[in-house]
Amino acid sequence: GFEASTTTHSCAVAFAVEVGDMRRAIGCFERLSALTTPSIRAYMSMLRAHGARRDWPSTVALLRNMQGRCVRIDSLALNVVLATAVAAGRVRQAEALLNEFEQPQATKQAPGPPITDVVSYNTLIKGYSQEGNFESAFEVLHRMRTRGLQPSAVTFNTAMDAAVRSRKGEAAWELLQEMRNSGLSPDKFSCSILMRALVQRPTRAGIFSVLKVLRETDGECDKNLKVRLYPMVADAAAHLGDNELAKTILRQMKDLDISIPDWPTEGASTTAASD
């Protein structure tokens, strides 16, 4: 005969989401909503649950419910919504939402700075990267800078990925330089992305640039990644028919103690290049 408290209902929402029972989670959330305005924790549980299912309509409806009930939306909640939009292939809707939340007055919250942050813009850049739309991805990068936000390594890597997917390899190399100029160092993700740019258009300068990045990131690249990447650099050198370049690649591998099964020794590097 006892009535469950709002705290109990809120816990039930979290528990149902945790075990993946969306029907029960929705039912508990609806009962909680009828009793009181749900807490941000309860809203976040539901947002993450809808996000896991890439359920964009339910996600945006829940966001509007939060706004209608004057629940303060923070960066974390907004970024979950943006990530769901991108995962569901709704990149334009994600950008429209970002536009909205760039203006504090649009959120009907107390005056203050916009809640959009670096993660918000990175998420949108990722969406455009998945579409192979480098121009839009680059515009978002410029836009975050005009907002006074400093791009992160993730920002540059995702923008480089957009360039490669759009077959604009030169733009990827330029972004690498911008990354360095910003005081950031490339990482293992940069290596993989730039390797794809090199494969698209092998050049001597590109090979030396990739070798430099591989040397810089040697400590964080695991053996499997090295075994995959170095043969790709060698293949690019072979494509150019540059035996001296192939020798340079083998020497770097020797310097860094990188051993790849069935690979030639330095003395056989001419054969490697011709292969």
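**Starting from a ring in helix α2**

Let's begin with phenylalanine 29, which counts as buried because its relative accessibility is 8%, under the 20% cut-off. Keep in mind as we go that this is a predicted model. What does that ring have for company? A pair of aromatic rings is described by the distance of the centres and the angle of the planes. The count of aromatic pairs here comes to two. In one of them, phenylalanine 29 meets tyrosine 43 edge-to-face, with 5.3 Å from centre to centre and 70° between the planes. This pair ties together distant parts of the chain: phenylalanine 29 belongs to helix α2 (residues 22-35) and tyrosine 43 to helix α3, and 14 residues separate them. Tyrosine 43 is buried too, since its relative accessible area is 0%.

The other pair joins phenylalanine 134 and phenylalanine 138, and this one is tilted: the centres are 5.7 Å apart and the planes make an angle of 40°. Why are these two about one helical turn apart? Because they are four residues from each other in helix α8, which covers residues 134-146. Their surroundings are worth a look as well. Phenylalanine 134 has a relative accessible area of 10%, so it is buried, whereas phenylalanine 138, at 35%, counts as partly exposed.

Before leaving helix α2, have a look at glycine 27, which also sits there. With a relative accessibility of 18%, glycine 27 counts as buried. Its C-alpha atom is 9.8 Å from that of alanine 12, although the two residues are 15 apart along the chain.

Now follow the chain past helix α3 into the loop that leads to α4. Arginine 54 is found in this loop, and its backbone deserves a glance: phi is near 55°, a positive value in a residue other than glycine. Most residues other than glycine have a negative phi. Arginine 54 counts as exposed because its relative accessibility is 55%. Aspartate 55 is in that loop too, between α3 (40-52) and α4 (56-68), but is it buried or exposed? At 18% relative accessibility, aspartate 55 counts as buried. The side chain of aspartate 55 makes a polar contact of 2.8 Å with the side chain of serine 58. Setting aside residues up to four places away in sequence, aspartate 55 also touches His50 and Thr84.

Further along there's another arginine with a positive phi. For arginine 167 the value is near 60°, and this residue lies in the loop between α9 (153-165) and α10 (169-181). Arginine 167 is exposed, because its relative accessible area is 61%.

For a polar residue inside a helix, go to asparagine 122 in helix α7, which spans residues 118-130. Asparagine 122 counts as buried because its relative accessibility is 9%. Which residues does asparagine 122 touch, not counting those up to four places away in sequence? They are Met144, Ser152, Val154, Thr155 and Thr158.

Next comes the nonpolar interior. The largest nonpolar core holds 78 residues, and within it Ile207 and Tyr230 touch the most other members. Helix α5 (residues 75-87) is the top contributor to this core, giving seven residues. Zoom in on isoleucine 207: leaving aside neighbours within four places in sequence, its contacts are Leu198, Val233, Ala236, Ala237, Leu240, Leu245 and Ile249.

Finally, step back and take in the whole chain. There are 15 helices and zero strands. The radius of gyration is 24 Å, well over the 19 Å that the globule rule gives for 275 residues, so the chain is more spread out than a compact globule. Along the principal axes, the C-alpha atoms fill a box of roughly 85 × 40 × 25 Å. Of the 275 residues, 46% are buried. How much of the contact network joins residues 24 or more positions apart? Counting contacts with a separation of 6 or more, 63% of those in the chain are between residues at least 24 positions apart. As for the surface, the chain exposes about 14000 Å², and 52% of that comes from carbon and sulfur atoms.

How values were computed:
Residues numbered from 1 in each chain as written. Predicted model: local features only at pLDDT ≥ 70, side-chain atom pairs only at ≥ 80, totals over all residues. Heavy atoms only, no water. Buried < 20%, exposed > 50% of the residue type's maximum accessible area, 1.4 Å probe, protein only. Polar contact = N/O pair within 3.5 Å; in protein donor to acceptor, adjacent residues only side chain to side chain. Contact = heavy atoms within 4.5 Å. Phe/Tyr/Trp six-rings, centres within 6.5 Å; stacked < 30°, edge-to-face > 60°. Core = buried A, V, L, I, M, F, W, Y, C linked by side-chain atoms within 4.5 Å. Rg over C-alpha atoms; globule rule 2.2 N^0.38 Å. Areas by Shrake-Rupley, 256 points an atom, 1.4 Å probe, with all protein chains shown as cover.
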